[in-house]
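Student: Please take a close look at the empty space in this model. Start with the pocket, then show me how the rest of the chain is laid out around that theme.

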Amino acid sequence: MAFFLQNTVKMTAIQIPTRPKWLKSTLPYDHRLVLKEDKPKKVTPSVYTQEMLQSTEERLANTTEMHPPRILELLDMSNTTPHKMSIVAVDQALFQPYPSELVFQNFTPGQTYKLPLLLFNNDKVSRQVKLKFQDTEYFQVVGPDEAGSKVAPGISATFTVFFTPQESKDYHHRLVCVTERERFEVPVRAIGPRAILDFRDELYLPLCAVKASTQKTHLVRNIGNSKAKFKLQTQRPFSVMPSSGTLDVGESMQVTVDFHPMSIGDHSQDLVLHYHTGEDVYISLYGACEELNIHLKPDSVLLKKTYISLANVHTVSLTNRSEIPLQFCWSAWSSQEDEDLNLSRESSALQQKEEKEHLPFQALSHSCITVEPVEGEIWPNTTAHFNILFKPEQAKLYQQIIYCDVTGRESRLPLTVKGEGLGPKLQLKYNLMDMKNVFIGDKNCYEVLVSNKGLIDAPFRLSRPDTAFGRCFSFSPEEGVVPVGASQIVEITFHSYILGTFSEDLLLTVTAQPQPLTLTFRGCVIGPTFHFNVSELNFGDVAFGFPLTSICTLFNTSLVPVTFALRVLGDGLGCPSVTSAQQVSELSRNNWQGSVARDLHVRPVEFTVSPPAGSVRAMSDVTIKVTLCSNTVGRYRLALVVDVEGVGEEIMTLPVIARCVVPKIVVETPVLDFQRCFLDYTYQQKVQLTNPSTLPVCYGLLDQEYEESPSLLYGSSVPRGVILPHSSEELPVYLLAKVVGRLHHILRIAVFGSVQPPLEVLLSCIGQGPVVHVQSSKMDFGRIPVLTDITRTLQLSNQSPIPAHFTARMSHGKSFWHVEPSEGKVPPKSQFELRVVAHLKDSLHFQDRLEVSIQDSLSHTVPLSATGTGTTIVSDKPFAPSLDLGTYFSHESCQYHFKLTNYGQRIHRMYWGIDGFLASSKTHKGDSLPGQNFLPSISAHRRKESLGRKAFLSSREKSVFSLSPSRVELFPGCSADMVLTASSDSPEVVQERLVCHGIVGHEHKHIMSVDVTCRFIAPVLSISSKRLNFYIEKVPGNSLMPLYEKLVLENVSPLSLSIELSLAEPFSLCEGPVDHSSATTKSIFLGDRRQAEVWVCFNPDYCQDRISRIMDEFLVIHYQGHPQQDVVELHAEVHFPNLHFSSTTVDFGCVLNCTETQRVITITNCSLLPVNYHWAFLEDNKHWIIRETEMPEKEKEQKIPGKETEEGRSSPALSSPLSTRPGSVSVEEVSKCSHVN
């Protein structure tokens, strides 16, 4: 429960010395207020030990510092006091608590401790203070008795805090003080058991050389009252082992501090001891470091001149005059900072982590100046010798400073190494080569002797300048090595395709030589000389589109081969020109006029040069063929030019002269008359063309202009050709008439290259359609069945050489005839059969006409007639004239559903009956047709015939079949659902005839008769045994176990059977001898010719009286949906050894003392087993059990003559006990026994 404590009753005066500030004058004279600590206070081991070993009162007495409390919330002073102004800063509380924190320590569980809490008024006016606190199980606060009064300035209010611990552990709480201006808190803490390690406040380590190390070990013991779990931590150059540990109370351990300075002078650090309870203790560590007097001798090395690939060695020494071993390591960097900086640049983060120690050595090993050994140790008062190895890689001056990082010296010892590398010396035989005049494309080879005048092998490499003529040089070999004192011949080849003067410097670069040797080549490249054997190429007159070739020879008179290219200057740059052969063979070319374009890029390429390019060997010649295929009518004045590769274009020209002409053609047959022509039939004639000129000419038949419906078509199998000079050609022309009548058309012939109008030929003919005859003038089908397709054929004969297209149809829209096919084509000079199909829908006489139309010819009409027979009533399932319903069990009915549809055109009123049976009155009344009062019955109609068949009526007075409904009225196109039902109570094969009569239109007709057959059978089940026998005898020492017999059932009926088996206990049905589940009923489904096994179980232990019994029961078999039943007899015998007593009581009446009286009891063995027995008197409710004896098998068989040995048969019987067998025993003893076990 929370409560508020007012200012205390007792006001304690405090001596206030003279202070500069009034705030501090309110504090006790022997305490000081610490407003803020600049640095955290470090606790030494001695101070920590003293604080932890003090009692609560001692700690309070030794507390000399106070701290301002933590303000939780500022309040509005206008609600609590009229004195709103205060000399106390807002960030300071009006009251100063003493002590600033209440601490309980070294307490004993179960005891109560107390501490006072003084709240000093820091203001110059009286202020009110309250203490808000909630009692706990461990802390209680007792306040002043008076409440509501204020605390005067400089006066304190006293509170008492009680602490009752329950166990040794840390406790934390807080007190909330409420003044007129703020709320602040005072922490309350109880310190439980603490570990104390007796470290010294300061540790001094021995004097140490720089980069060496020294140690000091301190034995530490836990003098506290709690187990110590601690961590130790310090900074370089100090380190501590172990860094953490655990120490029980009273135990001790060794702590080693290591001092490894990297710079000279005095060093100090704090060793922080961190307890797991949160306290930190600081131990001061001190150490001093000095530098040893160690120097390299000498500190500068001047090496001799050394050839590259050779080595020179110099020795440097370092002497250790101290008493400690010194570690050394050579490096390429002057300080550790430079080394770390280069490591971060030259290696990745992962490599820096894994290979940091090896990179300084690699820097030295990759240099030309190396030191051996790179690192090691120098024992006291010994000298180490180092080999400085100089192996230059280039011919230059080397100077490098390497550093030795050695223990005892703060800075690394420098060693300056200087040396010079000498390279190989090669000499050329000459430095300048003047090549003078060189033919373009000619290869010139030169040899240069290179000699080695030095003491080492000289690797060399030749290079050329990257200029036009510089890239024409090649070397063999391009690089190599010249041994000491040897020479090497280098072959230099020059091969240029550029004309002009050149001067190129070739460089011979020697490995390890800074400057290469220069070899200069200069000269002039000149072009080749050549000419033609003719002064011009004159083609003369050439025919349009006919190629003509002219031949000339090109001679090369220079000493180098010439690579040339030939072209006709002024020739077109478009597609190649078209030859007459192409114009004739490629029918897609429809341009017959020559080229008239003036643009070279559009004009065709008419000249072909072979070869168009090639090479002529020195002082040799090549034959040139120039072919002209002109597609331009006119004169040619052009030039054949020669372009030389690497020299220039149009180096030489050869004039070309020609004239292109188009010869004229004469038409000898300007008119072609084809006379009468059947449509779409091809006729052919020829047009004769003559060429009277001296040049060949190319001609072509122009395509017929497009028309949507042309009257005739013409063409040629050879539409194009060539006429040689002074010769004639025949142009075959075919014609195809498309319409009937007189036809005319103009045929046009074009001449290749001619700008004149095409030649014309007149075509004329008379178009005529096919001639077709019909075989029959009329068709009579006669009497045909209704609703059946009846086909007759009609033959069409085509007398013309073209096919005849026809269409056939009936004159009436809704005709009972149709023709197949209704349209088609009669091949030329052949016959075609039309199938005329009649499909009548009534038994009447019908007529119609067939119209056959021939395209582009005459039409024909054929009359048709037919008479229908039969009925138009059709069933959707098999029905008439006979129907077999199949096999069914008797006592169940079968139904046959079907649908009758009237496909005729008249109404049918039908009524059904069974031939030989009278129709019932109910049928006449209930099934009368609408619109008719009476329909004669079928039985009355055939009464005389039925009276003559008395034997049939006497055997079955009622029909097995019935049809529902028996009377139906069907309109055209309508249907009726019919159900034919058959049932019989006895197995038999039934065959009856259904007869249907009706009124069709206004006449009575016999519509149909149907012979119906159905077979009724009884279920037949084959049972493996009609009797099952069970026999068991009680044998001493053995329990009675159930007996099992198997029964096999087989369905020999042609239909599936669903049967149910039932019996009475103690018999049951199960799945097998090992099946413990049993039932008295079971359902079985048997398919056709399928078997099922049934196990019958007998339980002999169903009666507990142990009396022999004979039981007879039945296993009844019921058939689902049929009254028939089958039974299987079940016979069981259970035999126990039984005795029968003539009397169950013995009454002696009155017996005189010392006299004897006898009574006789007759015991009879009423079982088939021998009985062993003895007598015993019951005393104290105890009795004797008569033991059983086993009878021999031979005696058993003699005593059970009626036992059956057949297991598979059984018969029904009733359960009854066994009868008493002959023979009895007279007993003169007094005894009583009800039964024998």
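Tutor: What follows starts at the pocket and then moves out along the chain.

Keep in mind that this is a predicted model. Rolling a probe the size of a water molecule over the atoms shows where empty space is left. Here, the largest pocket holds about 1000 Å³. Its lining is made by 33 residues. Which of them lie closest to its centre? They are Glu51, Arg59, His67, Glu101 and Arg189.

Now take the lining by element. Two helices and two strands each give two or more residues: α2 (45–53), α3 (56–61), β6 (102–105) and β12 (182–191). Which of these elements gives the most? Helix α2 does, with 5 residues.

Strand β6 leads to a backbone detail. Pro99 sits in the loop between β5 (95–98) and β6. The peptide bond from Tyr98 to Pro99 is cis, with omega near -10°. Most residues other than glycine have a negative phi, and most peptide bonds are trans. A second cis bond is found far along the chain, from Ser964 to Pro965, with omega near -5°. Pro965 also sits in a loop, between β72 (961–964) and β73 (967–970).

Phi angles deserve a look too. Lys211 is not a glycine, and its phi is positive, near 70°. Look for Lys211 in the loop between β14 (208–209) and β15 (214–221). Is Lys211 buried or exposed? Lys211 counts as buried because its relative accessibility is 13%, under the 20% cut-off. Glu650 has a positive phi as well, about 55°, and is not a glycine either. Glu650, however, belongs to a strand, β49 (residues 648–661). Its relative accessibility is 39%, so Glu650 counts as partly exposed, a class that runs between 20% and 50%.

One more loop residue adds to the picture. Thr277 lies in the loop between β20 (265–275) and β21 (280–290). With a relative accessible area of 31%, Thr277 is partly exposed. In sequence, Thr277 and Arg194 are 83 residues apart. In space, their C-alpha atoms are 7.8 Å apart.

That pair leads to the contacts of the chain as a whole. Take the contacts with a separation of 6 or more: residues 24 or more positions apart account for 73% of them. The chain has 1237 residues, and 42% of these count as buried. About 67200 Å² is exposed, and carbon and sulfur atoms supply 51% of that area.

Back to empty space, this time enclosed. How many cavities of 30 Å³ or more are there? The count is 8. The second largest has about 50 Å³ of space. Its lining begins with Pro1100, Tyr1102, Cys1103, Asp1105, Arg1106, Ile1107 and Arg1109. Val1134 and Phe1136 complete that lining.

Now the strands. The chain contains 12 helices and 89 strands. Strands of a sheet pair through backbone hydrogen bonds, either parallel or antiparallel. Two sheets serve as examples.

One is an open sheet of 5 strands. Its order is β33-β40-β39-β35-β37, and its pairing is mixed. The edges are β33 (432–439) and β37 (479–482), each paired on one side only. From one strand to the next, the twist averages 25°. At one edge, β37 runs antiparallel to β35 (residues 458–463), and 4 bridges join them. Which residue in β37 is the bridge partner of Ala458? The partner is Val482.

The other is an open sheet of 4 strands, in the order β50-β52-β56-β54. Here the pairing is antiparallel. Strands β50 (666–667) and β54 (712–715) form the edges, and each pairs on one side only. Edge strand β54 is joined to β56 (residues 727–737) by 4 bridges. These two strands run antiparallel. In that pairing, Leu712 has Ala737 of β56 as its bridge partner.

To trace this on screen, go back to the pocket first. Find Glu51, Arg59, His67, Glu101 and Arg189, the lining residues closest to its centre. Then pick out α2, which gives the lining 5 residues. From β6, step back into the loop that holds Pro99. The cis bond there follows Tyr98.

Technical notes. Residues numbered from 1 in each chain as written. Predicted model: local features only at pLDDT ≥ 70, side-chain atom pairs only at ≥ 80, totals over all residues. Heavy atoms only, no water. Pairing = 2+ DSSP bridges. Axes fitted to C-alpha atoms, helices over the stretch in contact; angles between N-to-C directions. Buried < 20%, exposed > 50% of the residue type's maximum accessible area, 1.4 Å probe, protein only. Contact = heavy atoms within 4.5 Å. Areas by Shrake-Rupley, 256 points an atom, 1.4 Å probe, with all protein chains shown as cover. 1 Å grid on protein atoms, 1.4 Å probe; cavity = no way out; pocket = protein on both sides within 12 Å on 5 of 7 lines; lining within 4 Å. Points joined across faces, edges and corners; volume = space filled by probe spheres on them.
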